[in-house]
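Please open the model in your viewer and keep the sequence panel beside it, since each stop on this tour begins with a selection. The stops go from single backbone positions to whole domains and ligand surroundings.

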Amino acid sequence: MKPVFALVGRPNVGKSTLFNRLTKSRDALVADFPGLTRDRKYGQGVLGTDNNEIERDYLVIDTGGLSGDDAGIDEYMANQTWLAVDEANTVLFMVDGREGLTPADHLVADRLRKAGKTVYLVVNKTDAVDPEQAKAEFYQLGFKDVFAIAAAHGRGVTSMIEKLLEKFPVEEEETIPEEHADSIRIAFVGRPNVGKSTLINRIMGEERVVAFDKPGTTRDSIYVPYERDGKKYTLIDTAGVRRRGKVKEAIETFSIIKTLEAIKQAHVVIMLLDAHETITDQDAHLLGLILDAGRSLVVAINKWDGLDEYAKDQIKVKLEVKLPFLDFADKHFISALHGTGVGHLYKSVHEAYDSAMLDVPTARMTRILQTATEAHQLPIVATRRIKLRYAHQGGSNPFTVIIHGNQTNRVPGSYKRYLMNYFRETLKLKGTQVKIEFKTGE
Ligand code: GDP
Ligand code: GDP
């Protein structure tokens, strides 16, 4: 079982602060994509990257805050919180150590006890007080394990996470069969009913599925290796499609956690949208997760059958208006039910994969940076012009550009976006995001 921690508590106790610390919120990619709303925020964290320790990863869900009164205006936020609690296996119930115990904390505690999850009490903001003393009054809430931390300063956070992770045995990860280690891993992602199972079944029905019913593959196996036109792929099944004889059935319910895992494991994510429905908040949320993870993306608008030309035009316009930030990804109009357009997805998958995995020498990266800054000068800040000296590739999937220079923290967001697009166009990158990181110093 993968550790999934939900942060729950009254507003202002420090949930977001702890969330950011636990997930070390990277260079917030989301900030570049306005309009992506999120009521529950999911993040990935990792412990033990130093000293060659075993890395442990975990997921964190930040929630909106509970007042203890789940009715009325707080109902929506409360519902979102309880959905997060459902998805988590551990709840970190946060309280404010500076403010002390409040009646609302009691109400939240009562509700949490009924949720049947493992709950740890986390007393935050103990930076200016004695941690032991701060903890004392909260024991009356009835939770055995109480941690004192200062999320804003990081005190107590690592040791708390270490203790929490001890409860989760290190699992052996399910591996892809060796002969398929070099395959392109594709995850199909989308909200319930967009047609994931239909599409996966179609692909499995048509292609040579290598290890699907192989003995030893567990029931929960999510990796499905297959071949198509002599090329190897591994399908990551989030829909829980199982095949028993000729009966194809979809079991398991939709889970954000599973989706997140699939996104993380994939090289390329195929995001399904339903042509018969409007683009919902849930679609936008899922897209946000894919963008956050930096994965390559191909968009498939499914159920393209049975639509007249007018309806098709409307959908195309709506896509451009609502999801303008997806212009880097190929879009395909398909019918999983009839198989129309499904084969065309592969060309985009390959382009996205090749782009995300491209290896560019430092000399070339620096040359591109130079032409970019010559074509469009950097602004002058505090009488000195910002200087970007050289660039090199920092990683793949997403394609990451590291740029060294002076005053790089003052590079305007618009200039950063210009550089992203410049690198994308010059290197003819398709389907992959381009991530830019600045480093200051000579
Ligand atoms: P949330 O509403 O529960 O997500 O709370 P936030 O994370 O937004 O934090 C609320 C306020 O408490 C912010 O002003 C934080 O800077 C502050 N805060 C968070 N953690 C600490 C802490 O450890 N010590 C102190 N003194 N303040 C903190
Ligand atoms: P999932 O929840 O994302 O796995 O979605 P399903 O594959 O279970 O599909 C949900 C419903 O949409 C089912 O009734 C499917 O038959 C239907 N469906 C899936 N793909 C298509 C399609 O391309 N065209 C049409 N018209 N219906 C589809």
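Select Gln407 to begin, bearing in mind throughout that this is a predicted model. Is Gln407 buried, exposed or partly exposed? Gln407 has 18 other C-beta atoms within 10 Å, and because a residue counts as buried only at 20 or more and as exposed at 12 or fewer, Gln407 is classed as partly exposed. Its place in the chain is the loop between strand E19 and helix H12, the latter covering residues 413-426. The backbone deserves a look here too, as phi of Gln407 is near 50°, a positive value in a residue other than glycine. Most residues other than glycine have a negative phi.

Next, select Asp229, where phi is likewise positive and near 50°, again in a residue that is not glycine. Asp229 sits in the loop that links strand E9 (223-228) with strand E10 (231-236). Asp229 counts as exposed, because there are 7 C-beta neighbours inside 10 Å.

Now move to Asn397 and Pro398, and display the peptide bond that joins them: it is cis, with omega at about 10°. Most peptide bonds are trans. Pro398 lies in the loop between strand E18 (387-395) and strand E19 (399-406).

For the following stop, colour strand E14 (residues 296-302) and strand E15 (residues 330-333), which run parallel and are joined by four bridges. To follow how the chain gets from E14 to E15, add helix H9 (residues 309-322), through which the chain crosses in a right-handed β-α-β crossover. Within this pair of strands, Ile301 stands opposite Phe333 of E15.

It is then worth colouring by domain, with domain 1 at 4-166, domain 2 at 178-357 and domain 3 at 362-440. Which residues should be picked out where domain 2 touches domain 3? The contact takes 16 residues from domain 2 and eleven residues from domain 3. On the domain 2 side, E14 and helix H10 (345-356) each supply at least two residues, and H10 gives the most, with five residues. By class, that side of domain 2 has eight nonpolar, five polar and three charged residues.

Select ligand 1 next, together with the 15 residues around it, of which Gly14, Lys15, Ser16, Thr17 and Ala152 come nearest. Which helix gives the most to the shell around ligand 1? Helix H1 (residues 15-23) does, with three residues. Colouring the shell around ligand 1 by class shows five nonpolar, seven polar and three charged residues.

Ligand 2 is the last local stop, and there are 17 residues around it, with Gly195, Lys196, Ser197, Thr198 and Leu337 coming nearest. The largest share of the shell around ligand 2 comes from helix H6 (residues 196-206), which provides three residues. In terms of class, this shell has six nonpolar, eight polar and three charged residues.

Finally, zoom out to the whole protein, which has twelve helices and 20 strands. Of its 442 residues, 36% count as buried. If you draw a contact map, look away from the diagonal as well: among the contacts with a separation of 6 or more, 72% are accounted for by residues 24 or more positions apart.

Conventions: Residues numbered from 1 in each chain as written. Chains lettered and ligands numbered in written order. Predicted model: local features only at pLDDT ≥ 70, side-chain atom pairs only at ≥ 80, totals over all residues. Near = placed C-beta within 6 Å. Nonpolar A, V, L, I, M, F, W, Y, C, P; charged D, E, K, R; others polar. Pairing = 2+ DSSP bridges. Right-handed = clockwise from strand over helix to strand, strands pointing away. Domains from an automatic or database assignment. Contact = placed C-beta atoms within 7 Å.
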